[in-house]
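Here are my notes for a first look at this entry. Please keep the structure open while reading the points.

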Amino acid sequence: MTVPLLKVDELRIALAGDVIHNAVEEVSFEIGRGEAFGLVGESGCGKSITALAIMGLLRRPLSLAGGRIALDGQEIQDASPSEWRRLRGSRIAMIFQEPMTALNPLSPVGKQIAEMFVLHQGASWSEAMDRAEEALRQVRVPSPERRIRDYPHQLSGGMRQRVMIAIALACGPDLLIADEPTTALDVTVQSEIIDLMAELCAAKGTAILMISHDLGLVANMCRRVAVMYAGRIVESQPAGAIFATPRHPYTQGLVDSLPRLGERAKRGRQRLREISGVVPSIASYPAGCRFNPRCFAATDICRNTPPAQTPLPADGLVRCHHHG
Amino acid sequence: MADTLLSLDDLAVHFTVGSALAGGIKTLKAVEGISLDVKPGECLGLVGESGCGKSTLALAIMGLIAPTRGRVALDGSDVKQRPRLETARTVQMVFQDPYASLNPRQTVRRTLADPLRLQGVGNKAEVDGRVMDMLAKVGLRPEHADRYPHEFSGGQRQRIGIARALILKPKLVICDEPVSALDVSIRAQIINLLLELKDEMGLSYIMISHDLGVVEHVSDRVAVMYLGRIVEQGGWQEIFENPRHPYTRALIAAIPDPFHRVDATANRTKAKGEIASALNPPSGCPFHPRCPIKADRCVSELPALEAVAPGHRAACHFRDRTV
């Protein structure tokens, strides 16, 4: 009961180059069975490579430099390539931002779904094709009996992402990792895809690790949210609390800096609160707290000492010397 | 001085695609029958999903695509008749991707100085002075002038893009998704900058964006496009507080807002499916295959853009029905 579905503990990912940098460090979080967990951050913060590490897909120049990844209490970070192949697809599945590059352009989509049943469940091709049609019906692709013969380029962006979801959920995985699943889609399509993902995962008891730069989107669909900045988790809270009472200055900045629908009607046009400066590059992470050059509350201790984690209620945490 | 800066009258841009040998020649109506005004100092928000014709409309206003029908008038004169350089002094554009829209082999100084030289500003001291002024206005330092685009971050590059658009002191600036390629923490900086420059230089904007939060924040009036047509237009407050077209309501309902968690009304107003192809648009109202309130009439009859209140128009047979 107390064993979480996924436990990531002190994950460290190294980026090899002239010097070795830690692209991700001290990243720990847990996802319960059937829980939706959100990982939010800007480009380059390390959220996507964290997902790749959980999928066992880190490739040079990236490598796992430390930490543990446990699925159902069983450590998988040192699994062999053949063990990884069994895990991927059947127990952990992933959908990507751009379905056109993630699908095989030379293979009909039905075959790409059916492959999952053949590879992981030993089904025959004819049985697998029938089940692929059913899987397409579940992700609400219209006339699936014709669509299974279509190639990816014959489908629209939203339909392709539905196919990706069908492939990912084909074998009923315990965990679905969704890396910016709707960033390439239009807003009305985005909301349909999110609803579909949430509904299917709830029905099958699949946990979701949702990765996005869009705090609003993640907070809407996840129970808990962690915010990453420059390779570290700076804050983690239940979704409601992260908006109502953000504790890290970076999260506060993100929450305040975007115009929200309805604000102008209520209070007139206010100047948006800016986060000054830019995201540091991995080669030039500042000493101390990595957010200090952009932080309005920074003091000497922030420039010298990396802040430790402070626990918050409801399993939350914040990594700031001056958390309010 | 005319009291409308830009006026579009029944503007249409059609493309022919395909070939007689492969499937036949088809007409793609990218922009169809758009009439629109922009007044001096005004910001018009232009909203719609990809493929709805926003960018084609922008190019037609810039005079970069010839309209198939209708008229684009800037300062009261037809864009077709205006000399290209004069149009360039009046309308400029800020592009979405600051990585793709700057020449990587030109320094910032050259990128900013070229438009001035093309417009016949020959005096080197004056060119230099105006480049330095412009850099300061967009929040860049003088030493940035001699650097190349790759030396800048995304936000700084967008500042260069804005400086290039404003160096000729245009009256109208078309901003095509100016912040959507930027990091979330940088967007507020660029939006604030655009609003400051608008007041300081007395600019008009056409703000093209799919981010309704941004559009509401910056716009005076808003036009919503769907498959080449305007389906609703009005003051920002009417559009966001009392939207009359089901597509506008669907766009608003699709915004994930953690403060207003998804409720029953949102699900009722959500659109189904995806935008149809402009090559093969649906009969009647182009939105009907996705519309939650469609009736028989919508399949056969194209609704006109008609007034629901002063200054607020919607193209829906049920525009008087509110949710």
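1. Start at G120 of chain B, in what is a predicted model. G120(B) comes after helix α3(B). Its phi is positive, near 90°.

2. Now look at the helix itself. α3 of chain B spans residues 108-118. V108(B), T111(B), L112(B), A113(B), P115(B) and L116(B) are buried there. These buried residues of α3(B) pack against two helices of chain B, α4 (124-137) and α5.

3. Follow α5 next. This helix of chain B covers residues 154-166 and lies across strands β6 and β7 (172-176). Against β6(B), α5(B) runs at about 175°.

4. That leads to the sheet. Chain B has an open sheet of 8 strands with mixed pairing. The order is β6-β7-β8-β3-β9-β10-β12-β11. β6 (91-94) and β11 (306-309) of chain B each have a single partner strand, so one side of each is left without a neighbour in the sheet. On average, neighbouring strands are turned by 25° against each other, direction ignored.

5. One pairing deserves a closer look. In chain B, β3 (residues 43-47) and β8 (residues 204-208) run parallel and are joined by 4 bridges. Which residue of β8(B) is the bridge partner of L44(B)? The partner is I206(B).

6. A further helix belongs with this pair. α6 of chain B, residues 184-201, packs on the sheet and touches β3, β7 and β8. The direction of α6(B) makes about 155° with that of β8(B).

Conventions
Residues numbered from 1 in each chain as written. Chains lettered and ligands numbered in written order. Predicted model: local features only at pLDDT ≥ 70, side-chain atom pairs only at ≥ 80, totals over all residues. Heavy atoms only, no water. Pairing = 2+ DSSP bridges. Axes fitted to C-alpha atoms, helices over the stretch in contact; angles between N-to-C directions. Contact = heavy atoms within 4.5 Å. Buried < 20%, exposed > 50% of the residue type's maximum accessible area, 1.4 Å probe, protein only.
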